[in-house]
Amino acid sequence: MPLRLVIENTPENEIAPMPSRPSTDFIEAAILTARNSKKVHRDAIIADVCDILSCSPEDLKFLFSQHSVPSRNRQIIGLELPDYRMTLSDIYKEAAE
């Protein structure tokens, strides 16, 4: 069963968020602040985050780089998604056609 259907069919009181530590709130807020800061301030914030995560600033560089892909060069692929609202008999009718 797809995860989306499990979530939709589970009562709200049975789904609980994962407990988070205060350090994760700090890291999330710091990264959001760094994203909207000038480079000088961003480097200082990232240095603090790297101290907490025991990593190097190069490890977090991907969070602030933008990779644009030209739309003209992308191939358009026909994507067909299943319709979960269909009944089993409707699916058999579609397959028979």
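The following dialogue examines a predicted model of a protein chain.

Student: How many helices and how many strands does the protein chain have?

Tutor: Read from the N terminus, the elements of the chain follow the order α-α-α-α. No strand appears in that order, and the count for the chain is accordingly 4 helices and 0 strands.

Student: What percentage of the residues of the protein chain count as buried?

Tutor: A residue counts as buried when its relative accessible area is under 20%. The chain holds 97 residues, and the share of them that count as buried is 11%.

Student: Which residues make up the largest nonpolar core?

Tutor: The core has 9 residues in all. Helices α2 (22-35) and α3 (39-53) each supply at least two residues of this core. Its members are Ile-27, Ala-30, Ile-31, Ala-34, Ile-45, Ile-46, Val-49, Cys-50 and Leu-60.

Student: Is Val-49 buried or exposed?

Tutor: Val-49 has its place in helix α3. Leaving out residues up to four places away in sequence, Val-49 touches Ile-27, Ala-30 and Leu-60. Its relative accessibility is 0%, and because buried means under 20%, Val-49 is buried.

Student: How far apart in space are Val-49 and Ile-31, C-alpha to C-alpha?

Tutor: Both residues belong to the largest nonpolar core. In sequence, 18 residues separate Val-49 and Ile-31, while in space their C-alpha atoms are apart by 8.0 Å.

Student: How many disulfides does a search of the whole structure find?

Tutor: A disulfide requires two cysteine sulfur atoms within 2.5 Å. The cysteine sulfur closest to that of Cys-50 belongs to Cys-55 and lies 3.7 Å away, so the two are too far apart for a bond. Seen from Cys-55, the closest cysteine sulfur is that of Cys-50, also at 3.7 Å. The number of disulfides found in the whole structure is 0.

Student: Is Cys-55 buried or partly exposed?

Tutor: Cys-50 has 4% relative accessibility and counts as buried. For Cys-55 the value is 24%, and because partly exposed covers the range between 20% and 50%, Cys-55 is partly exposed.

Student: With which residues is Cys-50 in contact, leaving aside its neighbours within four places in sequence?

Tutor: Cys-50 is a member of the largest nonpolar core, as is Leu-60. Leu-60 is also among its contacts once the sequence neighbours are set aside. The full set is Cys-55, Ser-56, Pro-57 and Leu-60.

Student: Which residue other than glycine has a positive phi near 55°?

Tutor: The residue is found in the loop between α3 and α4 (88-96). Its relative accessible area is 67%, and because exposed means over 50%, it counts as exposed. The residue with this positive phi is Ser-54.

Student: How much space lies in the largest pocket?

Tutor: Lining this pocket are Lys-39, Arg-42, Asp-43, Ile-46, Pro-57, Leu-60, Lys-61, Phe-64 and Ser-65. By kind, the lining residues comprise 4 nonpolar, 1 polar and 4 charged. The space in the largest pocket comes to about 190 Å³.

Terms used
Residues numbered from 1 in each chain as written. Predicted model: local features only at pLDDT ≥ 70, side-chain atom pairs only at ≥ 80, totals over all residues. Heavy atoms only, no water. 1 Å grid on protein atoms, 1.4 Å probe; cavity = no way out; pocket = protein on both sides within 12 Å on 5 of 7 lines; lining within 4 Å. Points joined across faces, edges and corners; volume = space filled by probe spheres on them. Nonpolar A, V, L, I, M, F, W, Y, C, P; charged D, E, K, R; others polar. Buried < 20%, exposed > 50% of the residue type's maximum accessible area, 1.4 Å probe, protein only. Core = buried A, V, L, I, M, F, W, Y, C linked by side-chain atoms within 4.5 Å. Contact = heavy atoms within 4.5 Å.
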